[in-house]
Amino acid sequence: MAKLNKSTRQSIRIIGGQWRGRRLSFPVVEGLRPTSDRIRETVFNWLQPHLPGAVCLDLFSGSGALGFEAASRGAEKVDMIELDLQAYKQLQANKTMLAAEQCALFRQPAQQFLNQSKSTYDIVFLDPPFEANLWSEMTNLLTQRNVLHQDSLVYLEYSKYQNVDQLPDNWHLIKDKQAGDVRYCLFAIQ
């Protein structure tokens, strides 16, 4: 793998768990917008009682901020999905650096992964590129493909300017916050 020069890389840090403080590089890719430290801290405070031993899905992994954070905090398995080749290669490098054996990486469209998946997940991170406007399609696929079970949790992050009120009936909002232009929510599946 060719090394990315420093002008095309950025980094995030893992904020809790076994890899706390470790920095992860990620490439500058259109649409890739890592979840901020402030938001991740809040989200993982919400999720901490549910993470030990959880099976997680990080659709649209991008920088890996959510998936690696979940693994750092005790998730048993994290499937990380990313289509962009540069971002995927950096996820591989970060997985190797952390020796994150509980993380499985998949380079394919999120829709294709969900259509082929035979797994069910305790926690799903859904944070697609804002401009792609994939909320409705992805939430419907998650429900139709039976990758969620009763009591699954879904974290959804989106632009405050987008309308995401077309969610499945069995998704119940339990947490909801806003930071700047970003709205982030946690849903329980019932």
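## Cysteines, aromatic pairs and backbone outliers

Cys103 is buried, at 2% relative accessibility. This is a predicted model.

**Cysteines.** How many disulfides does a search of the whole structure find? The search finds 0. Cys103 takes part in no disulfide. For Cys103, the nearest cysteine sulfur belongs to Cys56, 9.2 Å away. A disulfide needs two cysteine sulfur atoms within 2.5 Å. Cys185 is a further case. Why does Cys185 have no bond to the closest cysteine sulfur? That sulfur, in Cys56, is 18 Å from the sulfur of Cys185, which is too far for a bond. Cys185 is buried too, at 2% relative accessibility.

The table collects accessibility values for residues discussed in this report.

| Residue | Relative accessible area | Class |
|---|---|---|
| Cys103 | 2% | buried |
| Cys185 | 2% | buried |
| Phe44 | 0% | buried |
| Phe125 | 0% | buried |
| Asp151 | 57% | exposed |

**Aromatic pairs.** The count of aromatic pairs comes to 5. One of them joins Phe44 and Phe125. A pair of aromatic rings is described by the distance of the centres and the angle of the planes. For Phe44 and Phe125, the centres are 5.7 Å apart and the planes make an angle of 35°. The pair is classed as tilted. Planes under 30 degrees apart would count as stacked, and over 60 as edge-to-face.

Which parts of the chain does this pair tie together? Phe44 sits in helix α1, residues 37–47, and Phe125 in strand β6, residues 121–126. The pair therefore links parts that lie 81 residues apart in sequence. Is each ring's residue buried or exposed? Phe44 is buried, with a relative accessibility of 0%. Phe125 is buried as well, with a relative accessible area of 0%. Tyr155 joins Phe44 and Phe125 in one aromatic cluster.

**Positive phi.** Two residues other than glycine deserve a look at the backbone. Ala99 has a positive phi, near 55°. Where does Ala99 lie? Ala99 is in the loop between α3 (85–98) and β5 (103–106). Asp151 also has a positive phi, near 85°. Asp151 belongs to a strand, β7, which covers residues 148–159. Asp151 is exposed, with a relative accessible area of 57%. The cut-off for exposed is over 50%, so Asp151 meets it.

Key. Residues numbered from 1 in each chain as written. Predicted model: local features only at pLDDT ≥ 70, side-chain atom pairs only at ≥ 80, totals over all residues. Heavy atoms only, no water. Helix = DSSP H or I, 4+ residues; strand = E, 2+ residues; numbered from the N terminus. Buried < 20%, exposed > 50% of the residue type's maximum accessible area, 1.4 Å probe, protein only. Phe/Tyr/Trp six-rings, centres within 6.5 Å; stacked < 30°, edge-to-face > 60°.
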